Amino acid sequence: DGSVGCAKACSYGKGVSAGALALMLQNIFTVCCSFAVPLLQRRVPALTVQRVYTLALACMSLLMFCVSMFNGGSVGATSVFVCLMGLAQYGSQTFPYALMGMAVPDSEKGLFMGVLTLAIVVPQLLDVTYTGSLADGAGVEWVVFVGAVWAALAAGGQTAAGRLQQR
């Protein structure tokens, strides 16, 4: 039936538009974090800021999973959570390089930046080896859930490492 195909195409187009808007808002929120977090760091230690954004990533991923599972994937709620993930995007893609730029001598920055980039990229490469199969088998929601679990483990590891370092 032609009307079914047209309805699916219209629904797909609305989804693409909502996703593009959510990603644009996410990037705007990331830029806002780039301006706000350095001001916050004047009062709060950098590792505390890092723990907060990692915990925020875990919470937002878990909330996005819950919205997908229990609300039928509400476009508005999902767009809000994608937008707020800009904090996690800032934390994983900008903040580590800013810390590196402040802490490493100029003569060694290239080596340290390369190692940091590998530490970010290699887990992403490992991640894509199973997420496609997981999405096909269990659904995209479960990929988000696995991401939330990894982020929660990272937040817990950062907290434990901070406590060990204080001793």
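Here are some friendly notes on the predicted model shown above.

1. **Overall fold.** The protein has seven helices and zero strands. Reading from one end of the sequence to the other, the pattern is α-α-α-α-α-α-α. The C-alpha trace spans about 65 × 30 × 30 Å along its principal axes, which is a useful frame to keep in mind when you look at the separations listed below.

2. **Burial and surface.** Of the 167 residues in the protein, 23% are buried. The accessible surface comes to about 10700 Å², and carbon and sulfur atoms account for 71% of that surface.

3. **Contacts along the chain.** Among contacts in the protein with a separation of 6 or more, 68% are between residues 24 or more positions apart. Points 7 and 9 give some individual contacts to look up.

4. **Charges.** The protein carries 8 positive and 6 negative charges. If you take the mean position of each set, the two means are 17 Å apart.

5. **Cysteines.** How many disulfides does a search of the whole structure find? The search returns zero. For Cys32, the closest cysteine sulfur is in Cys33, and at 7.0 Å it is too far for a bond, given that a disulfide needs the two sulfur atoms within 2.5 Å. Cys33 is likewise in no disulfide, its nearest cysteine sulfur being that of Cys32. Are these two residues buried or exposed? Cys33 counts as buried because its relative accessibility is 7%, under the 20% limit. Cys32, at 44%, counts as partly exposed.

6. **The aromatic pair in helix α7.** The count of aromatic pairs comes to one. Trp142 and Phe145 form this pair, with an edge-to-face arrangement. Their rings are 5.4 Å apart centre to centre, with 75° between the planes. That angle counts as edge-to-face because it is over 60 degrees. Both residues lie in helix α7 (residues 140-166), three residues apart, or about one turn of the helix. Both are also partly exposed: Trp142 has a relative accessible area of 33%, and Phe145 has one of 28%.

7. **Ser79 and helix α1.** Ser79 belongs to helix α3 (residues 75-84). With a relative accessibility of 15%, Ser79 counts as buried. What does Ser79 contact once its neighbours within four places in sequence are left aside? The partners are Ala18 and Ala22. For orientation, helix α1 covers residues 2-41, and Leu21 is found there. Leu21 is partly exposed, at 45% relative accessibility. The C-alpha atoms of Leu21 and Met69 are separated by 22 Å, with their positions 48 residues apart along the chain.

8. **Ala88 in helix α4.** Helix α4 (residues 86-93) contains Ala88, a buried residue with a relative accessible area of 8%. Ala88 and Ala135 are 47 residues apart along the chain, and their C-alpha atoms are separated by 22 Å.

9. **Two residues of helix α6.** Leu116 sits in helix α6 (residues 109-138), and Phe112 is found in helix α6 too. Which of these is buried and which is partly exposed? Leu116 counts as buried, at 16% relative accessibility, whereas Phe112 is partly exposed, with a relative accessible area of 36%. Leaving aside neighbours within four places in sequence, Leu116 is in contact with Pro96, Tyr97 and Met100. With those neighbours set aside in the case of Phe112, its contacts are Met100 and Val104. Met100 therefore has heavy atoms within 4.5 Å of Leu116 and of Phe112.

10. **Separations from helix α6.** The C-alpha atoms of Phe112 and Met100 are 7.6 Å apart, for residues twelve positions apart along the chain. For Leu116 and Val144, the sequence separation is 28 residues and the C-alpha to C-alpha distance is 24 Å.

Key:
Residues are numbered from 1 along each chain as its sequence is written. This is a predicted model: local features need pLDDT of at least 70, side-chain atom pairs count only at pLDDT 80 or more; totals for chains, interfaces and linings use all residues. Side-chain values use heavy atoms; hydrogens and water are left out. Buried means under 20% relative accessible area, exposed over 50%, partly exposed in between (1.4 Å probe, protein chains only). Helices (H or I, at least four residues) and strands (E, at least two) are DSSP runs, numbered from the N terminus. Accessible areas come from the Shrake-Rupley method with a 1.4 Å probe; for residues, only the protein chains shown count as cover. Lys and Arg count as positive and Asp and Glu as negative; His and the chain ends are not counted. The place of a charge is taken as NZ of Lys, CZ of Arg, CG of Asp or CD of Glu. Rings of Phe, Tyr and Trp (its six-membered ring) pair if their centres lie within 6.5 Å; planes under 30 degrees apart count as stacked, over 60 as edge-to-face and the rest as tilted.
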